[in-house]
Amino acid sequence: AEAAVTEAAHAAARLGSAIRDPSTARGQATTEADRVLGEQGIACAELTVTVDVPITQAGQPSTATAQVRCAVRWADLALPGLPGRHDVSAVFTSSIDRYRERP
């Protein structure tokens, strides 16, 4: 579960850094994190994806940062029947091309 959440944070930050419009980047990065977790077979009881894509001028260095938090049920972590959940989180930062066109 930890590796899957880390991969989801990486994917969300990379996608967030590639999209020009910060609002669109946030939405698509959240969708990407959810997709990656689904491919890994991780069902989050609660999923929170936070993506920070600042608005900067072309030529200025900038980064996109994604934080993914997933509450995984203990029963889904090879402990069938055990109540409760385990919170897993990861953060990743990806550079934004300083010379790409900005909105």
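In this predicted model, Glu 46 pairs up with Arg 85 in a salt bridge, with the closest N and O atoms 3.3 Å apart. The bridge ties together distant parts of the chain, since Glu 46 sits in strand β1 and Arg 85 in strand β3, 39 residues apart. Neither end is tucked away: Glu 46 is partly exposed, with a relative accessible area of 42%, and Arg 85 is likewise partly exposed at 42%. Side chains of opposite charge can pair when their charged atoms come close.

The count of salt bridges comes to four. One of them joins the side chains of Glu 7 and Arg 14, at 3.4 Å from N to O. Here too both partners are partly exposed, Glu 7 with a relative accessible area of 33% and Arg 14 with 39%. Over in helix α2, Arg 35 and Glu 39 meet at 2.4 Å, again N to O. Because these two are four residues apart in that helix, about one helical turn separates them. Arg 35 is partly exposed at 38% relative accessibility, while Glu 39 counts as exposed at 58%. The pair is not on its own, either: Glu 32 joins Arg 35 and Glu 39 in a network of salt bridges.

As for the overall layout, the chain has two helices and three strands, which run α-α-β-β-β from the N terminus on. Among contacts between residues at least 6 apart in sequence, 60% join residues at least 24 apart. Of the 103 residues, 34% count as buried. The chain exposes about 5,900 Å², and carbon and sulfur atoms supply 49% of that area.

Then there is the interior. In soluble globular proteins, nonpolar side chains tend to be buried together. The largest nonpolar core in this chain holds 25 residues, and the ones that touch the most other members are Val 5, Leu 37 and Val 68. Two or more residues come from each of α1 (2-18), α2 (22-39), β1 (44-52), β2 (62-73) and β3 (85-96). Helix α1 gives the most, with seven residues.

Val 68 makes a handy viewpoint on its surroundings. Setting aside neighbours within four places in sequence, Val 68 is in contact with Val 5, Ala 8 and Ala 9, with Ala 33 and Leu 37, with Leu 47, Thr 48 and Val 49, and with Val 88, Ser 89 and Ala 90. Val 5 and Leu 37 thus turn up again, as contacts of Val 68 and as fellow members of the core.

Terms used
Residues are numbered from 1 along each chain as its sequence is written. This is a predicted model: local features need pLDDT of at least 70, side-chain atom pairs count only at pLDDT 80 or more; totals for chains, interfaces and linings use all residues. Side-chain values use heavy atoms; hydrogens and water are left out. Buried means under 20% relative accessible area, exposed over 50%, partly exposed in between (1.4 Å probe, protein chains only). Contact means heavy atoms within 4.5 Å. Accessible areas come from the Shrake-Rupley method with a 1.4 Å probe; for residues, only the protein chains shown count as cover. A nonpolar core is a set of buried Ala, Val, Leu, Ile, Met, Phe, Trp, Tyr and Cys residues joined through side-chain atoms within 4.5 Å.
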